[in-house]
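Q: I'm new to this structure and would like a close look at one part of it. Could you take me through the enclosed spaces inside it, and what surrounds them?

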Amino acid sequence: MKTTTRAVVIGGGIAGCSTLYHLTQEGWTDVMLLERDELTSGTTWHSAAQVTNFGMTQTMVGLKSHSIALYKELSEDPEYPITYHHADGGIRLANTGAQMDGYRHFASMARGMGVHFEIIDAQECARRHPLISTDNLVGGLWDPLDGDIDPAQLCQALARRARKAGAEVHRNTPVTALRQLPDDSWIVTTPRGEIHTEVVVNACGYRVNEVGAMMGVHHPVMSMEHQYFVTEEIPAIRDAGHRMPLLRCPISDYYCRQDKTGLLIGFYEQDCRTWGMDGIDPNFTNALCPDDLDRIMDVLEGAFARMPALRDAGIHTIVNGPITYTIDGAPLVGPIPGQRNAYCIIGLRAGLGEGGGHGWLLAQQIVHGEAIYDTWALDPRRYGPHTNVELTARMAVQEYQNEFRFHFPNEHRPAGRMARTTPLTPILRAEGAHFAPVNGWERAEVFAPDLQITPSFRFDETHATVAEEVQAVHTRVGLAEINGFNRIEITGRDRHAFLDRLCCGRVPRQAGCVGLGYLLNDHGCIKAEATFANLPASDRGTDRVWYGSAAASERHDHDWLAGHMRPGEDVQLHSLTQDMTILVLAGPGARAILSKVARGDWSSSGFPWLSVRECFIGYAPATVLSVSFSGELAYEVHVPNASLLAAYTTLQEAGTAQGMRLFGSHAIESMRLEKSFLHWKSDLLTEFDPYETGLGRFVSTTKAFVGKEALMRRRAKGPGRCLVTLRHGATDRVAQPGASMMRDGKVVGTVTSGAYGHRTGMNLALGFVVPDLASPGSRVELDLLGDLIPAEVIPPSPFDPGMTRPRT
């Protein structure tokens, strides 16, 4: 066994084998895989191994398409063919019109990735799968490339190709310790000796946190017991003359696929069970949990009703084994939070079906720094430090129970709620707030105490209430709590030079000034968006810069900043995210209220647009920024959580005379679309550079910054896509992210955000489109729930394009 290598992949299931193979494909051939037992001895060996194109985001669809193409190629390898039932087809059933709306949206989204799903009615579902009943069935989503694969053969084929490219695979070689050196390389300890490596990859399946503990980290991954059985021969399948399509049923929580002349049927019962919370037997390998068919009887009854032929089928084999779930059900593929040169590919609940794509995207990140797609939907840093074992278990159970039930827009499931709150959470709830979790924080969406909200792809019951909140902000004044906002205090004499090196534009240095900037990756594409506020020395601290960004970026941005600090550079980073909350005061009456509750000159000349000042709101210490995400005159009032209730009460009392109203994130979304303001990881993606995103004014070509050379090459080449603002004609729905833009029957772009603009009366969307259609006046069609809706590209910021209102 070698003692030095570029990367050590720990784990020999589909995640590890796929990563190893794809590292060699990206040019890293001096790599190793270490497996404690035999390859595929964890979850992989008992996987149901279904391979579908279906995904909840375009990134997920892209990685699954890669898996399908790779597996088909492997199955046709004359030297080492593997068993892959490719393109049997598959149906996801639905018994409500709302579910069918979701399938229509996913079909639109997939079309942008070159994947074609078909929406079919109940009768067509039964024609394509003659074993099912159409009782209580509306229709389904047809995936023509659905299939299944032999898991052991697949992993052996990937390992074989990796070996041929130069990689090493060592079985029966457990990792017993990990130690990081000052240069951020790693020492991997095994019973066979130590290995010095640049990069470590945790691909350990249900043993993920045993290896995580060696790094001092906990991953929000939980194992669930999952049962399926294989039937004896079913005559209707034997005599069909073709393979049966796969079936996934959110109505009765089961799936099935053909296995020889019978069926493999798997269950997602409501009375489900976590596994391994208190540790895993070291000898649990190629092993299963005890059978427990009583637990699945309710689901089995639903399967019998949908497929009557099952009632007469005998059971040949029962499998009950652990599969892994993350806190939100999506895999964790990418950099490990707080670590350097450490990655993970874990929580792959459908590992065989999508593992080829996951390894592909991870290998690109390791070798090139980024993947071909924006991978935020998979990023391990998308959740904050609140994701402990107990919270993860509750949410994993919820995800398991809803395996085939996709999330509707504005649907927020109950498990794990109230994980992160502020002193105002119960106060706002009493005012009628409906909350949504944002990186675990409970944030008010809309204030409607008597409203029952039905999540939907169409306008829901909040539409009129949101209009009222927007009108209050536009004509009077509104107050909103924005909790969880990522805030990093940066100190040290080199703080401005440090930020200037990372930011593609000029970073404000004058005390009391605020600026907006963009950080790029090494490929010249957008990595982060931040507000920089220069605070002078006071009794609250030394000269410092507040770096503010989206709540979801808490770990992502801190890692990016920390990873770019140079040896000897006098820069310190201190997170304030847990300690402070923002109260947003917005509308024409905002200045009058602020002047009433805080000493000082708050006039447009005394405290102009893009200023920052420390003060007291009543007696609550606060830091006020003159910035706006609504397009109205607005102030961000940053308050320590210990004083938050006092500041809120003071503002509420002062706002009574101004007719102040509470407003939520739905109103903010409506107003920011009217300003064409962009949202990180909705419209600001690592796939596009500032010029493509319409942010060229924030680029300073006369200075050096991370990613500049790559950006200049991209600029010379010209844009591949351009971000535009669109007005469309839908009267009962907004454009959902991922929806395809069409022209003459071809996909020409993708929607990134959508909302109804209540001040302008426009149904608006943002999205990336081919350059030829990026000019105002260009016309396209939006595929919204299967309907082609006429849309027109309009100039950015249809509301107050001159930005006069925030400066008033």
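A: Start with β23, which gives the lining of the largest cavity its largest share, 4 residues. Keep in mind that this is a predicted model. β23 covers residues 478-482, and β22 (441-447) and α17 also supply at least two residues each to that lining. The cavity itself has a volume of about 80 Å³. It is lined by 16 residues, and the closest to its centre are Leu428, Phe447, Ala480, Glu481 and Phe663. Sorted by class, the lining has 12 nonpolar, 2 polar and 2 charged residues.

Now stay with α17 for a moment. This helix runs over residues 665-674, and serine 670 is found in it. Is serine 670 buried or exposed? Its relative accessibility is 2%, so serine 670 counts as buried, the cut-off for that being under 20%. As for its surroundings, leaving out residues up to four places away in sequence, serine 670 touches Val470, Ala755, Tyr756, Gly757 and His758. With tyrosine 756 there's a polar detail to look for: a polar atom of the serine 670 side chain lies 2.6 Å from the backbone oxygen of tyrosine 756.

Back to the cavities. The count comes to 3 of 30 Å³ or more, and the second largest has a volume of about 70 Å³. You can pick out its lining on screen: Phe485, Arg487, Thr531, Ala533, Trp546, Tyr547, Gly548, Leu625, Glu636 and His638. The elements giving two or more residues here are the strands β26 (526-535), β27 (544-549) and β32 (634-640). Of these, β27 gives the most, with 3 residues. By class, this lining has 5 nonpolar, 3 polar and 2 charged residues.

For an open space to set beside these, try the second largest pocket, with a volume of about 780 Å³. Its lining takes in 37 residues, and Pro335, Tyr343, Gly369, Arg381 and Trp560 lie nearest its centre. Two or more residues each come from β12 (193-202), β20 (342-346), α9 (351-368) and α14 (554-563). The largest share, 6 residues, comes from α14. The lining of this pocket divides into 10 nonpolar, 15 polar and 12 charged residues.

One last landmark comes from a record: an unreviewed UniProt entry places the feature "domain: FAD dependent oxidoreductase" at residues 7-364. In the model, that span is 28% helix and 28% strand, and its end C-alpha atoms lie 13 Å apart.

Definitions and conventions:
Residues are numbered from 1 along each chain as its sequence is written. Side-chain values use heavy atoms; hydrogens and water are left out. UniProt positions are given in the numbering used here, feature names are shortened, and annotations may be inferred rather than shown by experiment. Buried means under 20% relative accessible area, exposed over 50%, partly exposed in between (1.4 Å probe, protein chains only). A polar contact is a pair of N or O atoms within 3.5 Å; within protein, one must be able to donate a hydrogen and the other to accept it, and residues adjacent in sequence count only if both atoms are side-chain atoms. Contact means heavy atoms within 4.5 Å. On a 1 Å grid over the protein atoms alone, a cavity is a set of points where a 1.4 Å probe fits but cannot get out, and a pocket is an open set with protein on both sides within 12 Å along at least five of seven lines; lining residues have an atom within 4 Å of a point. Grid points are joined across faces, edges and corners, and a volume is the space filled by probe spheres set on the points. Ala, Val, Leu, Ile, Met, Phe, Trp, Tyr, Cys and Pro count as nonpolar, Asp, Glu, Lys and Arg as charged, and the others, Gly among them, as polar.
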